[in-house]
Amino acid sequence: METLAWLSTTPVAAALKASGTLYLVVNAAHILSIGLIVGAILPLDLRLIGVVRAAPIAAIGPLLSRTAATGIVLAIVTGLCLFSVRPQEYAQNPAFLAKVGLVALGIVNALALHLRSGWRMAMSTDSAPPSLRVQAGFSLMIWIGALLAGRWIGFI
């Protein structure tokens, strides 16, 4: 864990430590990013599973996917900034490690979902094949788990 000590001496970490306002803004941006992720992925997964049928997959799928991807990029950037403030402490926090693992799994699952023929079929037929429905259900569990793990960080 000593190898992470240098992160807390970077200009970003120093600026966040020196300014409560900057830390607040970056933390709020991280929360907004998480909102983009969850706010886009949950409705898309629910649509793929078939729980919600209000809009065609082809109409909402691309927009919600891009919104979630934007949220993921922003959450990673802001999360790295926040991590830099106390990297050694976070690296030893089981909730943080669980969150990072779940986010990585969620990203891999999303990439796999979009690269499969089932995604293309769902976009063209407005019906997700059973394997894609299972994958969307798995996605729901992953992202809700990541959200819960993220909240858990402050309690450990």
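Accessible areas here come from the Shrake-Rupley method with a 1.4 Å probe. On that basis, the accessible surface of the protein chain in this predicted model comes to about 8500 Å², and 75% of that surface belongs to carbon and sulfur atoms. The chain contains seven helices and zero strands, and its C-alpha atoms, taken along the principal axes, fill a box of roughly 55 × 25 × 25 Å.

**Overall fold**

- Read from the N terminus on, the elements of the protein chain follow the order α-α-α-α-α-α-α.
- The protein chain has 156 residues, and buried residues make up 38% of them.
- When contacts between residues at least 6 apart in sequence are considered, 76% of them join residues that are at least 24 apart.

**Nonpolar cores**

- The largest nonpolar core has 19 residues, and the members that touch the most other members are I37, L48, A122, L132 and W143.
- At least two residues of this core are supplied by each of the helices α2 (20-49), α3 (57-85), α5 (94-115), α6 (117-125) and α7 (130-152).
- A second core, separate from the largest one, consists of six residues, including L7, F83, A95 and I153.
- Leaving aside residues up to four places away in sequence, L132 touches L48, L113, R116, G118, W119 and A122.

**Helix α6 and its surroundings**

- Within α6, the residues G118, W119 and A122 are buried.
- These residues lie on the same side of α6, because they cover an arc of only 105° around the axis.
- The cover over the buried residues of α6 includes the helices α2, α3, α5 and α7.
- Three of the residues touched by L132 are G118, W119 and A122, which are also the residues named as buried in α6, and A122 is in addition one of the members of the largest core that touch the most other members.
- After α6 comes D126, a residue whose phi is positive, near 65°.

**A nonpolar patch on the surface**

- On the surface, L105, F138 and M141 form a nonpolar patch, and together these residues have about 290 Å² of accessible area.
- F138, one of the residues of this patch, has its place in helix α7, a helix that also supplies at least two residues of the largest core.
- F138 counts as partly exposed because its relative accessible area is 36%, a value that lies between the limits of 20% for buried and 50% for exposed residues.

Definitions and conventions:
Residues numbered from 1 in each chain as written. Predicted model: local features only at pLDDT ≥ 70, side-chain atom pairs only at ≥ 80, totals over all residues. Heavy atoms only, no water. Core = buried A, V, L, I, M, F, W, Y, C linked by side-chain atoms within 4.5 Å. Buried < 20%, exposed > 50% of the residue type's maximum accessible area, 1.4 Å probe, protein only. Helix = DSSP H or I, 4+ residues; strand = E, 2+ residues; numbered from the N terminus. Contact = heavy atoms within 4.5 Å. Patch = residues over 30% accessible without salt bridge, like charges linked within 9 Å, V, L, I, M, F, W, Y side chains within 5 Å. Salt bridge = Lys/Arg side-chain N within 4 Å of Asp/Glu carboxyl O. Arc of directions from axis to C-beta.
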